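Good morning, and thank you for joining this group meeting. Please bring up the sequence and the structure, and I shall take you through selected parts.

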Amino acid sequence: MTPRKIELLAPAANAEVAIEAILHGADAVYIGPPSHGARKNASNSIADLKRVVEFAHQFGARVYATVNTIVYDHELRDVERLIRELYIIGVDALIVQDMGILRLDIPPIELHASTQCDTRTVEKAEFLEAAGFSQIVLARELTLKEIGEICRSVSVPVETFVHGALCVSYSGRCHASQAVMGRSANRGECAQICRLPFTLTDAGGKVLATDRHLLSLKDFNASDRLESLLEAGVSSLKIEGRLKDATYVKNVVAYYRQRLDRIIEAAEGRYERSSFGISEIDFTPQLDKSFNRGFTHYFLDSRRPSEISSPLTPKSMGEIITDPAQLHNGDGVSFFNSRMQYEGVMVNGIDRGRIIPNRPITIPKGAQLHRTLDSQWEKRLARKTAERFLWLDVHLTDTTLTARDQRGSEATVRLEADIQEARTPQDLRRNFDRLGNTIYRLRQFTTTCRENTFIPASQLADARRRLLEALAADARATYRFGMRRLEQTNAKFPTSALDYQDNVANSLARKFYASHGVSHIEPAMETEQRTDKPDNKNGMRSVMTTRHCILRESGRCLRCVAPEKRDFRLPLYLTSGRNRFRLDFDCERCEMHLLHS
């Protein structure tokens with residue numbers, strides 16, 4: 001049985017965060033290039049990406065560039081040049097959503113289908129594989145059963161999210177930000193409309209909820225579902241957070257690395273890591289120490305989960321504190337005040353179990369405290385917290401020094417032994433215990449030198465240097481890059497028509513879909529060349545599609561509550577400031593739509 005390679009995929013806002021992710025155990029990182037990444041504030045220079053590639057490849061870790069915005073016609077050649085640059089510096093794959101990229105004149109670099117491709121059916125996954133994608137990122141909203149069905153239908157690796165912030169909409173099908181602010185989520189400019197407070201009213205103006213974050217979801221946490229995901233067929237486990245800082249990435253990556261290693265070790269050869277090296281972590285990872293809005297399994301266990309939203313606040317819930325003695329000076333704590341508003345304060349000290357805040361404030365008696373800033377934790381993680389190394393086996397003879405490392409790289413250098421006086425194997429080994437500022441740790445040292453062999457320390461040091469250089473050269477020469485898969489030109493797209501929500505923004509994307517059997521293609525909302533008509537006679541269009549249902553979450557599910565027992569009249573409306581959306585409920589699909597004029 002050939003073990004299936006399992007990848008822990010980490011986010012990186014910049015080169016420094018990427019390197020920390022790898023040090024703390026990531027098998028791959030995804031990072032934004034200079035342009036056309038779906039996080040406009042997380043772009044990086046080609047020089048910085050090259051530095052990440054060189055560091056990652058030492059451990060066989062991979063680097064994915066997020067070229068995953070939609071692309072306008074006038075940008076196509078710029079994107080073509082960008083991709084060539086990324087290929088030249090050794091980026092392993094591109095994460096894309098715009099199918100126009102498949103019609104550019106680009107090198108044979110591996111392509112991954114972004115979560116913005118909204119892959120939630122077997123048919124869509126099979127098409128993307130046939131179109132030439134080497135890895136498919138699934139929609140976040142799927143159950144374990146649905147994930148398993150897709151994994152069994154394709155032969156390429158399947159990637160799922162396991163941790164971090166959740167978009168309430170299907171990725172790639174949210175146009176709320178574009179509709180009300182002219183900022184496209186598909187162009188990396190999401191205004192996070194879903195995190196705003198809303199008032200919910202019915203057709204008669206009855207207020208059902210006031211100033212509640214009804215579209216704001218808790219954060220995803222599948223750390224206790226990793227084994228189930230692997231059994232379902234998932235090969236890449238993705239942590240969300242390309243805007244997160246190094247402290248967040250260190251903690252979350254280290255936590256998942258440790259859990260994943262235990263699963264792989266117990267799997268009796270069914271799985272293996274997709275990169276090499278051992279990460280030594282000198283702190284105990286704890287997920288609730290990092291930013292989180294409370295945790296949810298989202299839809300992994302059920303199509304109809306409860307309590308997946310965070311309606312009272314979109315801010316971090318941190319860790320729950322049961323005893324003020326757990327707090328330190330400089331910590332930040334939050335709580336819900338008497339008006340059920342989430343309020344925070346810094347801790348100046350603790351006096352006989354009482355919190356001394358840095359400003360006058362009343363903490364309600366019995367209020368649950370949330371530590372949202374652990375000052376000592378932050379200081380600790382601001383320092384060096386991990387090393388990653390490769391095991392090295394060395395064999396010494398009278399004339400050669402040979403080594404093999406954990407990657408399988410091998411090298412041999414010659415040396416001239418001076419047979420003058422005896423030196424014990426222990427003496428010889430000490431020269432290789434001192435591997436200095438390298439990525440190696442000596443695991444095994446053997447020698448067949450004759451008993452009276454003497455090799456000057458200076459010669460051994462020089463041989464050791466040449467040996468490590470040769471190992472590095474061998475690793476670079478034998479590094480395996482993936483290649484773009486051939487596109488099956490006869491593959492048919494699952495539907496024959498695409499609307500504005502399918503994000504076709506350029507002529508090459510139109511040609512791609514047309515060549516795969518799509519006969520009706522509407523332009524993306526962002527192109528401002530719309531020829532389609534509104535979705536309904538009221539002049540409103542769907543700007544968000546989600547499996548999250550406000551009615552289900554509040555115990556008002558239309559399928560569960562008979563019409564005569566409902567305390568509201570349809571349709572319902574969400575209002576935040578000047579922004580107003582109508583809600584439509586597709587109970588057959590268990591989906592909710594936000595409509596906007």
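I begin with a single pair of residues: S334 has H370, in strand β19, as its bridge partner. Please bear in mind that this model is predicted. The two strands concerned are β16, residues 332-336, and β19, residues 369-373; they run antiparallel and are joined by three bridges.

Both strands belong to an open sheet of five strands, in the order β15-β19-β16-β17-β18, with antiparallel pairing. Which are the edge strands? They are β15 (319-321) and β18 (354-357), each of which pairs on one side only. From one strand to the next, the twist averages 50°.

I turn now to helix α5, which spans residues 144-153. Its buried residues are L144, E146, I147, G148, I150 and C151. As background, an α-helix has 3.6 residues a turn, so residues three or four places apart point the same way. What covers the buried residues of α5? The covering elements include α4 (122-131), β7 (158-164) and α7 (226-232).

My last stop is R582, which is found in strand β28, residues 579-586. Is R582 buried or exposed? Its relative accessible area is 12%, and the cut-off for buried is under 20%, so R582 counts as buried. The side chain of this arginine makes a polar contact with the side chain of D584, at 2.9 Å.

To close, I would ask you to locate two pairs on the display: S334 with its bridge partner H370, and R582 with its polar contact, D584.

How values were computed
Residues numbered from 1 in each chain as written. Predicted model: local features only at pLDDT ≥ 70, side-chain atom pairs only at ≥ 80, totals over all residues. Heavy atoms only, no water. Helix = DSSP H or I, 4+ residues; strand = E, 2+ residues; numbered from the N terminus. Buried < 20%, exposed > 50% of the residue type's maximum accessible area, 1.4 Å probe, protein only. Polar contact = N/O pair within 3.5 Å; in protein donor to acceptor, adjacent residues only side chain to side chain. Contact = heavy atoms within 4.5 Å. Pairing = 2+ DSSP bridges. Axes fitted to C-alpha atoms, helices over the stretch in contact; angles between N-to-C directions.
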